[in-house]
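Welcome! Please take a look at the model below, and then we will walk through two of its contact surfaces together.

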There are 2 protein chains.
Amino acid sequence: MLAATFVMQPEVQTVSYDTPQPRNAAADLLARRCGTGQLRIFEAKDHVFREGDPVSNVYLVEAGHVCIYRTLADGRRHVIDFAYPGDIVGLGAIGEHANNAQATARSRVRCLPIAALQQAIREDGRLGLKLCEALSRELIASRELLFTVSQRTAGERLASFLIGLSRRNERNGADRSEFVLPMTRADIADFLGLTIETVSRTFTKLRGDGMIDLAQSVLVTITDYDGLSALAEGRSK
Amino acid sequence: MLAATFVMQPEVQTVSYDTPQPRNAAADLLARRCGTGQLRIFEAKDHVFREGDPVSNVYLVEAGHVCIYRTLADGRRHVIDFAYPGDIVGLGAIGEHANNAQATARSRVRCLPIAALQQAIREDGRLGLKLCEALSRELIASRELLFTVSQRTAGERLASFLIGLSRRNERNGADRSEFVLPMTRADIADFLGLTIETVSRTFTKLRGDGMIDLAQSVLVTITDYDGLSALAEGRSK
DNA sequence: CGCGGGCTGTTACACATTCTCACAATCTAG
DNA sequence: CTAGATTGTGAGAATGTGTAACAGCCCGCG
């Protein structure tokens, strides 16, 4: 776990792979009710599911990182979310998946058959209530991102993104001011609605402004947390 | 109902107020299970609920239009959705509302007490399942909008917005190529992540390109549906 | 009935941000 | 060690913004 402090790329993946952190009440309940789900390992770049696949399972990320994205007719790509350990993937789909889910690093994922889940909900309304809450949380997150992307500058978007990662890390018991990005610049760009060039330049600018440090391109150290979160929340300038 | 063809502002409101169109399975089920909910009328600009209000009800729009929005610390506003007859409002909230809901025209709204709803879910898992589906649909819509806003030009955003309204109208049994906008330019701007000036300019441009006609600023006629939807889906250029 | 204020919508122009394209530098896998 | 992928940087182009002026409409008031 401490490996993260003298990190190299292969170890980065090992770190997150070795530190599962379920943190979400719905996920817990799900795990208890459906603990029998099959456990699967996905290598980096493997797909958990793809657009058009019938919805057969709901997935609980136990270790690693999964990137949820859509591709458009004209080739553009849109990243919807990055799932961390404890996150549920594939919940919002109806009938067939509208999104792709791709492991960005070696990941351990529990597969809960959707039929069993629906049966469990019918039998126990409280589970349905929990899932409604989980979906509500996703909805809130989605709207938060919507706002971030629609109303903010590149600097504010990236700051907000980094603060979000920092919070996730903190909640999972890791360091809030130093962490490894489990995704590429292209993933970040497609998540924030920017180009990779702008993401790269904005990273450089944040470093120049003394907000962050980048020992390697994937290793972020937040050196001015208050400044960064002020920027993220539009309280600066 | 035909009033829409020789429309004036006060009548516009009457039109939508007089044509309730529930269309959503979850809403139907909700109405059947909780049909006892109190019916309330909101005048234009009245708030159904505000940020910070405790979540006491879920609301079913029966007639009129409700605008869901958030305001930010720095005064910026972000419109999340426009609820039409048959839409459910206030579902995704936990504990207290994070959003405001404001009628843009005189509206009739059924209030379903949240406690009763939760009790009904606990007792009947199928209702929970339906609500999960309704939430999933909202999530999908939110992600669609997220993509629209993050990756598209002003013209594409507005085209996509108009096609969306057109589809909604068609589904509700109204004309797909001529309709009245129940919201102001400012609402549209805050929804699409643009300024009112850009929205106005883009309307003018779409009219210049022969895609739409604007007899009045609130009365849209789609004169080239295929062209507009090509633009909306990024299939043009 | 006419006047004036307030709100919404439209348009023009200078400006800022982000994108596109091109290429160098760096890292990674085989 | 080499080939391919990823990241970083610069210059000019495109897109959207902010400011400001103005028109149209509604409403209240005298």
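Here Ala, Val, Leu, Ile, Met, Phe, Trp, Tyr, Cys and Pro count as nonpolar, Asp, Glu, Lys and Arg as charged, and the others, Gly among them, as polar. A residue is near a strand if one of its heavy atoms lies within 4 Å of it. This is a predicted model, in which local features need pLDDT of at least 70 and side-chain atom pairs count only at pLDDT 80 or more, while totals for chains, interfaces and linings use all residues. Residues are numbered from 1 along each chain as its sequence is written, chains are lettered from A and ligands numbered from 1 in the order in which they are written, and side-chain values use heavy atoms, with hydrogens and water left out.

Let us begin with the DNA. By class, the surface near DNA strand D has two nonpolar, seven polar and six charged residues. Its largest share, four residues, comes from helix 7 of chain A (helices are DSSP runs of H or I, at least four residues, numbered from the N terminus). The table lists side chains with an N or O atom close to the strand.

| Residue | Atom of DNA strand D | Distance |
|---|---|---|
| Ser200(A) | phosphate oxygen | 3.1 Å |
| Thr195(B) | phosphate oxygen | 3.4 Å |
| Arg201(B) | base oxygen | 3.1 Å |

Now for the two protein chains. Chain A and chain B each give 41 residues to their contact (heavy atoms within 4.5 Å). Five salt bridges cross this interface (a side-chain nitrogen of Lys or Arg within 4 Å of a carboxyl oxygen of Asp or Glu). Arg70(B) and Glu144(A) form a salt bridge at 3.1 Å, N to O.

Conventions. A polar contact is a pair of N or O atoms within 3.5 Å; within protein, one must be able to donate a hydrogen and the other to accept it, and residues adjacent in sequence count only if both atoms are side-chain atoms. Helices (H or I, at least four residues) and strands (E, at least two) are DSSP runs, numbered from the N terminus.
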